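Here are my notes for you, written so you can follow along on screen. Have a look at the picture first, then work through the points.

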Amino acid sequence: TFLFYGQIHDELGLQLAGSTIGVSLDNHCLHNLASHLQHTACPALTGLIIDRTTLLPGRLFFTMHGREETDYGWWLSQIASCASFDWSRVLAAARSSQS
């Protein structure tokens, strides 16, 4: 299952903060989330959030991970990693930081 940029933007109740929904998400949080996951050895979660028109993640998703924009094999491996990853420690850490 994939989530679309617009869906995430709407569900988070964000104001448009860029020329497109994808840019707005990046300005609000998506880049920070992707960077955090990268530095904590988690799967590249933003691989599951895609542009409805292209059915691909944004260009920044690939480049911030040092990948070519057409490295679809790596992208598919990140999707599989996200699906099988035990997110409980990440969620527990997020919950404890909110306390």
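1. Let's begin with His-9. Its relative accessibility is 3%, and because the cut-off for buried is under 20%, His-9 counts as buried. Keep in mind as you read that this is a predicted model.

2. Where does His-9 sit? You'll find His-9 in helix α1, which covers residues 5–11. Leaving aside residues up to four places away in sequence, His-9 touches Leu-14, Gln-15, Leu-16, Ile-21, Ser-24, Leu-25 and His-28. With Ser-24 there is also a polar contact, side chain to side chain, at 2.7 Å.

3. Now for salt bridges. How many does a search of the whole structure find? Just one. The side chains of Arg-67 and Asp-71 form a salt bridge, at 3.4 Å from N to O.

4. Are those two partners buried or exposed? Neither label fits, because partly exposed covers the range between 20% and 50%: Asp-71 has 22% relative accessibility and is partly exposed, and Arg-67, at 34%, is partly exposed as well.

5. Next, look for the largest pocket, which holds about 420 Å³ of space. It is lined by 24 residues, and Tyr-5, Gly-22, Val-23, Leu-30 and Gly-58 are the closest to its centre.

6. Which helices help line the largest pocket? Helices α1, α2 (21–39) and α3 (59–63) each supply at least two residues, with α2 giving the most, seven. Sorted by class, the lining has twelve nonpolar, eight polar and four charged residues.

Technical notes. Residues numbered from 1 in each chain as written. Predicted model: local features only at pLDDT ≥ 70, side-chain atom pairs only at ≥ 80, totals over all residues. Heavy atoms only, no water. Helix = DSSP H or I, 4+ residues; strand = E, 2+ residues; numbered from the N terminus. Buried < 20%, exposed > 50% of the residue type's maximum accessible area, 1.4 Å probe, protein only. Polar contact = N/O pair within 3.5 Å; in protein donor to acceptor, adjacent residues only side chain to side chain. Contact = heavy atoms within 4.5 Å. Salt bridge = Lys/Arg side-chain N within 4 Å of Asp/Glu carboxyl O. 1 Å grid on protein atoms, 1.4 Å probe; cavity = no way out; pocket = protein on both sides within 12 Å on 5 of 7 lines; lining within 4 Å. Points joined across faces, edges and corners; volume = space filled by probe spheres on them. Nonpolar A, V, L, I, M, F, W, Y, C, P; charged D, E, K, R; others polar.
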